[in-house]
Number of protein chains: 2
Amino acid sequence: MLDTKGRAVTGQSARGRGAKRPTLEDVAARAGVSRALVSIVIRGVAGASEETRERVLKAAEEIGYRPDTRARLLARNSSRLLGVTFNVQHAFHTDLIEGIYASADSSDYEVVLSALTPRRDERRAVETLLGYRCDALIMLGPESPAAMLEDLGRRLPVIAVGRRLRESSIDLVHTDEEAGMRQAVDHLVKLGHRDIAHIDGGRSPKATDRRRAYRTAMRRHGLGNCIRIIPGGQTAESGASAARLLLEDGESPTAVITYDDDGAAGLLDSFLRAGIAVPEDVSVIGFDDSRLSRLSHVNLTTVSQDAGRMASLAVHRAVARLSGDEIADRDLVIPPHLVVRGTTAAR
Amino acid sequence: MLDTKGRAVTGQSARGRGAKRPTLEDVAARAGVSRALVSIVIRGVAGASEETRERVLKAAEEIGYRPDTRARLLARNSSRLLGVTFNVQHAFHTDLIEGIYASADSSDYEVVLSALTPRRDERRAVETLLGYRCDALIMLGPESPAAMLEDLGRRLPVIAVGRRLRESSIDLVHTDEEAGMRQAVDHLVKLGHRDIAHIDGGRSPKATDRRRAYRTAMRRHGLGNCIRIIPGGQTAESGASAARLLLEDGESPTAVITYDDDGAAGLLDSFLRAGIAVPEDVSVIGFDDSRLSRLSHVNLTTVSQDAGRMASLAVHRAVARLSGDEIADRDLVIPPHLVVRGTTAAR
DNA sequence: TATTGCGCTTAGAGCGCTCTAGTGCCATCA
DNA sequence: TGATGGCACTAGAGCGCTCTAAGCGCAATA
């Protein structure tokens with residue numbers, strides 16, 4: 001069997017390596033219609049009779065036609081591509097990616113991933129996406145200086161997830177740290193705790209937010225004089241040493257809220273080694289609802305950021321910007337929720 | 001300032017949204033050369049004088065030219081694209097991705113990622129990559145039936161990482177489980193252990209490999225009668241319950257090798273709760289060298305799979321296949337190595 | 001009867017590159 | 001002197017799509 005150009009037409013399973021893949025032209029020839037019409041059918045848009053549609057689809061199927069994304073992207077005036085930068089090291093980013101794929105799917109956009117690795121920085125990752133002429137960028141936990149992000153935002157819609165910028169001209173999707181901390185404190189207070197300490201996350205902006213939120217939440221319960229902040233960090237290690245600090249101190253709190261789940265894991269480990277029972281002696285709450293915290297043997301009560309929701313909001317905001325909607329606010333603040341597991345109990 | 005087509009030519013920072021991006025044509029007009037020559041310069045291939053090269057680069061810089069990947073891909077007869085499928089949930093995959101980017105970079109191939117999520121299966125992920133006309137596919141921990149992989153392999157070079165297939169016609173990159181287990185047992189024996197138990201990983205092929213390897217390694221040391229296999233699984237949970245089983249049993253081994261790091265984490269936790277000191281009372285070795293095992297408070301001795309090496313081998317094999325090299329063997333078996341940390345000690 | 005409109009279809013012009021097959025030009029050599 | 005070859009450069013034909021404008025046949029309308 002030969003097509004109009006004299007090359008062999010075979011089913012896809014029989015086609016060997018290197019053989020040219022069938023194109024719209026080939027399908028058109030086989031179905032006895034024009035290339036344009038095949039394009040219409042393949043795209044699934046209106047403009048072809050039911051009968052032709054079936055005939056074309058059948059022909060496409062028979063010769064194993066598969067649309068060429070490269071050509072499609074080039075020919076479209078808009079690429080309908082959503083570029084996503086993410087850090088390969090962050091478990092939370094991968095949770096977000098799941099949601100982004102799902103939302104993009106239903107918005108008829110395609111996703112292009114560009115990873116940050118220790119040897120591939122954000123600038124590089126973004127360059128790649130711009131090369132594909134993505135219509136918009138969703139950046140997960142962007143690390144670039146604010147000015148660079150703003151600059152980028154002037155060129156195309158940019159949505160930064162999990163980062164706060166003041167006076168931003170790009171869209172921001174992030175968690176309401178204050179609400180999260182309030183929920184954690186509320187929960188503990190309801191369980192009868194008063195001496196609730198916070199192991200902080202050091203000097204990062206996010207750590208500052210959470211520290212401040214902790215203070216506010218404590219005061220709201222009239223526990224201003226019980227506020228106790230232990231310097232920590234963003235690693236399990238720092239949680240572990242904070243725990244030791246706490247133990248040496250003698251006057252142990254009855255509950256601890258850590259900066260994040262990693263810190264909580266370190267803390268739990270130290271407590272366990274010191275013979276302190278959790279939650280019997282001390283209640284512990286983490287922050288982030290990472291995979292770690294869900295491990296059955298850790299079973300950590302933690303403040304969860306709703307990854308699915310964040311992803312969906314980010315995609316929808318990008319799509320809205322692309323549709324030219326005028327949206328005044330730049331901040332999308334997501335309320336987190338407390339996931340109560342096994343590390344908190346009544347006093 | 002206007003270009004040959006009468007549209008405004010401005011620097012990239014001044015260009016607003018929606019304005020057409022400059023093309024080769026624009027650069028050519030500005031530099032006073034042909035489009036083809038600009039292409040030569042931008043690609044960095046031979047065929048332009050040093051003087052012109054500089055002039056073209058300057059012009060490109062001035063108007064903020066950035067190559068259009070879509071057009072470039074379409075025009076090239078080979079896309080020079082390496083498609084990578086990976087599971088967004090697997091930490092090990094993200095380690096591999098780091099290495100893949102690095103190796104592809106130096107081989108002058110570009111990487112396209114396609115993620116597997118709970119709602120996006122492998123078939124879908126592969127479809128996307130085929131749509132981009134990737135020259136070869138690297139599949140991390142592929143989940144598809146062997147027949148489907150073989151089928152795919154008939155269409156283009158496919159490298160499966162971390163999966164074994166017998167009589168495969170696609171390339172396989174995986175760890176030498178036997179060597180890993182041997183190293184673990186050797187290490188323990190050298191430390192004076194004899195009662196070395198194995199908590200297995202259930203019914204998966206990999207678990208079977210490791211179980212068999214454990215038996216072989218034990219016999220090699222004349223410890224055939226000390227072989228003790230406790231049914232486990234692929235979660236921390238299963239490690240924890242296996243530990244309880246071990247403790248109830250009374251006759252505790254002096255060392256345990258688990259199926260993977262997750263299992264080891266569960267085991268450690270159970271031991272800790274039961275007042276069993278590690279490594280003083282029992283030594284523990286995990287498998288995989290996951291991020292978990294590196295956490296300072298876990299500090300797990302484990303068998304490490306060299307992700308960087310595996311990634312580089314996968315890429316190089318793909319490139320070799322694409323260069324048409326005739327390579328007879330399909331299996332690339334990587335020796336793992338033992339990472340000695342804090343959970344093993346002399347008996 | 002001429003006109004309009006509609007549904008189905010097609011021709012053909014791009015999209016922004018790469019790559020082959022040249023064209024000049026100049027130095028080299030017989 | 002003409003032939004040879006190498007270097008710098010260019011023209012132009014794709015790559016496989018999308019999309020606009022237009023064609024065609026047929027029914028409805030003036």
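## Two helices in chain B

A good place to start is helix α2(B), which packs against helix α3 (residues 50–63) of chain B at an angle of about 90°, the two axes lying 10 Å apart. Since angles of 65 to 115 degrees count as roughly perpendicular, α2(B) and α3(B) are therefore roughly perpendicular to each other. Everything described here belongs to a predicted model.

Which residues bring these two helices together? From α2(B) come L37(B), V38(B), V41(B) and I42(B), and they meet T52(B), R53(B), V56(B), L57(B) and A60(B) of α3(B). Sorted by class, this contact has seven nonpolar residues, one polar and one charged.

## A neighbour on the other side

Helix α2(B) also packs with helix α1 (residues 24–31) of chain B: their axes come within 8 Å and cross at roughly 105°. α1(B) and α2(B) are therefore roughly perpendicular to each other.

In this contact, α1(B) offers L24(B), E25(B), V27(B), A28(B) and A31(B), which meet R35(B), V38(B) and S39(B) in α2(B). The classes here are five nonpolar, one polar and two charged residues. V38(B) is worth remembering, as this residue of α2(B) takes part in the contact with α1(B) and also in the contact with α3(B).

## Around DNA strand C

Now let us turn to the DNA. There are 27 residues around DNA strand C, and those that come nearest are S34(A), L24(B), S39(B), A71(B) and A75(B). Two of these names are already familiar: L24(B) and S39(B) belong to the contact of α1(B) with α2(B).

Which elements supply at least two residues each of the surface near DNA strand C? They are α2 (35–43) and α4 (69–75) of chain A, along with α2 (35–43) and α4 (69–75) of chain B. The largest share, five residues, comes from α2(B). By class, this surface has 13 nonpolar, seven polar and seven charged residues.

## Around DNA strand D

DNA strand D has 27 residues around it as well, and L24(A), S39(A), A71(A), A75(A) and S34(B) come nearest. Two or more residues of the surface near this strand are given by each of α2 and α4 of chain A and α2 and α4 of chain B.

Here α2(A) gives the most, with five residues. The surface near DNA strand D divides into 13 nonpolar, seven polar and seven charged residues.

## How the two chains meet

The protein chains touch each other too: 39 residues of chain A are in contact with 40 residues of chain B. On chain A's side, α4, α5 (91–107), β2 (110–116), α6 (122–131), α10 (236–248) and α11 (261–273) each supply at least two residues. That side of chain A is made up of 18 nonpolar, nine polar and twelve charged residues.

How are the two chains related? Chain A is superposed on chain B by a rotation of 180° with 0.0 Å of shift along its axis, giving an RMSD of 0.1 Å. This is the relation of a two-fold axis. What is more, 100% of the interface residues of chain A are also interface residues in chain B, so the copies meet through the same surface.

## The overall form of chain A

Stepping back, chain A has 13 helices and twelve strands. Its radius of gyration is 27 Å, well over the 20 Å that the globule rule gives for 347 residues, so chain A is more spread out than a compact globule. Taken along the principal axes, the C-alpha atoms of chain A fill a box of roughly 90 × 45 × 40 Å.

Definitions and conventions
Residues are numbered from 1 along each chain as its sequence is written. Chains are lettered from A and ligands numbered from 1 in the order in which they are written. This is a predicted model: local features need pLDDT of at least 70, side-chain atom pairs count only at pLDDT 80 or more; totals for chains, interfaces and linings use all residues. A residue is near a molecule or strand if its C-beta atom, placed from the backbone, lies within 6 Å of it. Helices (H or I, at least four residues) and strands (E, at least two) are DSSP runs, numbered from the N terminus. Ala, Val, Leu, Ile, Met, Phe, Trp, Tyr, Cys and Pro count as nonpolar, Asp, Glu, Lys and Arg as charged, and the others, Gly among them, as polar. Two residues are in contact if their C-beta atoms, placed from the backbone, lie within 7 Å. Axes are lines fitted to C-alpha atoms, for helices over the stretch in contact, and angles run from 0 to 180 degrees between N-to-C directions. Angles under 35 degrees count as roughly parallel, over 145 as roughly antiparallel, 65 to 115 as roughly perpendicular and the rest as oblique. Copies are superposed by least squares on the C-alpha atoms of residues with pLDDT of at least 70 in both. The radius of gyration is taken over C-alpha atoms; the globule rule is 2.2 Å times the number of residues to the power 0.38.
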